[in-house]
Structure formats: C-alpha cells, structure tokens
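Student: I have a structure in front of me that I have never read before, and I would like to learn how to go through it feature by feature. Could you guide me?

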Amino acid sequence: MTDFDPANFANVGPKEFAQLVKSTPDDKIAEVMSGDLRGKVLSAVFGRMPELFRADRAGSTNAVIHWNITGRPDGGTDTYEIVIENGTCAVNESATRDPKLSLTMGPVEFLKIVSGGANPVMMFMTGKLKAKGDLGLAANIANLFDIPKA
C-alpha cells in the first residue's frame, strides 16, 4: 500500500499507518483531511488510542485531554476527548468534560504526531501545536501511548 488511502485506515495496523503517513506528501494529506474522508480518518485514529494506551507508564495519571484538529471542510475544528483515569483510556467524539490539557493543531501535524513522524515538543516550540493547561502532561503524552514508528 503506497498511496494514502484513508478508506483503508481501519484495515491497516498502527505500523502500516505510520509508514503510510510518512510516505505521503503533506499536501496530499491536507487534501484528504479537508475532504469527505476526514471523519473516517479521525475516527480510525482515535479509535485505536485505547489499545495503544500504556497503563504501565501512566501510573496515577488522571486527565481529560481535548484534541482540537483544525481545518475541517466547513472551516471548523473537530474536538475529541481522551479520558485517562484508573489505568484506562477512553475516547469520546465530543468534549463533555473540562480538560486538564487542550491541544490544538492542523490535520497534517496531528497525523504526523500520532504516527510517530513528528516531535510534539518541537511542534509546540515552532507554533504548529498549541497546548493549554498542564504543559508537563503535554510534554509526557507521547510516553503514555505505544506510538509506532515508520
């Protein structure tokens, strides 16, 4: 699978997904993420988060994290909520609780972060990722998930 085909996201494993994102030009990712398949891509990515969650690394972390992905076709933002508590991770497709941390980024940056192809700290420092709230949690968030590297 060499072409970025979001329709296949649900059918590929995390490592194949990471390779797909890494091998696809940013403009092609942006094009797909501003079209009809955006919701399917985001649902597939967030749907995997509970299985990639590393409870052994979370310790006593209890947090509500809002992921705000900008660039929706209508100009809006998609917000997903991750709730980490009592050693578990749950995902809601809408924000229902006050976040301890709120992350905002574009769709290309989001896919690069969740596929292990970008450094979230560097993205924060260059303004491509905005974090509000618990910045210590933001710096450590990648350690809470088993993010595959392409």
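Tutor: What follows is a walk through the sheet, one helix, one buried arginine and the salt bridges. Please keep in mind from the start that this is a predicted model.

Student: Let me begin with the sheet: how many strands does the open sheet have, and in what order do they lie?

Tutor: The general idea is that strands of a sheet pair through backbone hydrogen bonds, in either the parallel or the antiparallel sense. In this structure the open sheet has five strands in the order β3-β2-β1-β4-β5, and its pairing is mixed. The strands at the edges are β3 and β5, each of which pairs on one side only, and from one strand to the next the twist averages 20 degrees.

Student: In which sense, parallel or antiparallel, do β1 and β4 pair?

Tutor: β1 and β4 pair in the parallel sense, over five bridges, and within this pairing you can find N68 opposite T104 of β4. By contrast, strand β1, which covers residues 63-69, pairs with β2 in the antiparallel sense over seven bridges, with A63 standing opposite I84 of β2.

Student: And what joins β2 to β3?

Tutor: They form a hairpin with two residues between them, and in its turn N86 has a positive phi of about 50 degrees. The two strands pair in the antiparallel sense over five bridges, and I82 is placed opposite V91 of β3. As for burial, β2 is mostly covered, since six of its eight residues are buried.

Student: Which strands do the helices α3 and α5 touch?

Tutor: Packing is read from which elements are in contact and from the angle between their directions. Helix α3 packs on the sheet and touches β1, β2 and β3, with its direction making about 5 degrees with that of β2. Helix α5 also packs on the sheet, where it touches β1, β4 and β5, and its direction makes about 120 degrees with that of β4.

Student: Now to a single helix: which residues of α2 are buried?

Tutor: Helix α2 covers residues 26-33, and its buried residues are I29, V32 and M33. Seen down the axis of α2, these buried residues fall within an arc of 95 degrees, so they line one face of the helix. The face turned away from the buried side carries the exposed residues D27 and E31. What covers the buried residues includes α1 (14-22), α3 (38-52) and α5 (107-114).

Student: Is R38 buried or exposed, and what does its side chain reach?

Tutor: R38, which lies in helix α3, has a relative accessible area of 2% and is therefore buried, the cut-off being under 20%. Its side chain reaches the backbone oxygen of M33 at 3.2 Å and the backbone oxygen of T70 at 3.1 Å. Leaving aside residues up to four places away in sequence, the residues that R38 touches include V32, I69, G71, P73 and P107. R38 also belongs to a network of salt bridges that links it with R72, D74 and D78.

Student: How many salt bridges does a search of the whole structure find?

Tutor: The search finds seven. One of them joins the side chains of D26 and K112, at 2.9 Å from N to O. This pair links distant parts of the chain, with D26 in helix α2 and K112 in helix α5, 86 residues apart. D26 is partly exposed, with a relative accessible area of 38%, and K112 is partly exposed as well, at 24%.

Student: Where do E85 and R97 lie?

Tutor: Their side chains meet in a salt bridge at 3.5 Å, N to O. E85 lies in strand β2 and R97 in the loop between β3 and β4, so the pair ties together parts that are twelve residues apart in sequence. E85 counts as partly exposed at 30% relative accessibility, and R97 counts as partly exposed at 37%.

Student: What does K100 form a salt bridge with?

Tutor: K100 forms a salt bridge with D134, and the closest N and O atoms are 3.8 Å apart. K100 lies in the loop between β3 and β4, while D134 lies in the loop between β5 and α7, so this pair ties together parts that are 34 residues apart in sequence. K100 is partly exposed, with a relative accessible area of 41%, and D134 is partly exposed at 26%.

Conventions. Residues numbered from 1 in each chain as written. Predicted model: local features only at pLDDT ≥ 70, side-chain atom pairs only at ≥ 80, totals over all residues. Heavy atoms only, no water. Buried < 20%, exposed > 50% of the residue type's maximum accessible area, 1.4 Å probe, protein only. Helix = DSSP H or I, 4+ residues; strand = E, 2+ residues; numbered from the N terminus. Arc of directions from axis to C-beta. Contact = heavy atoms within 4.5 Å. Polar contact = N/O pair within 3.5 Å; in protein donor to acceptor, adjacent residues only side chain to side chain. Salt bridge = Lys/Arg side-chain N within 4 Å of Asp/Glu carboxyl O. Pairing = 2+ DSSP bridges. Axes fitted to C-alpha atoms, helices over the stretch in contact; angles between N-to-C directions.
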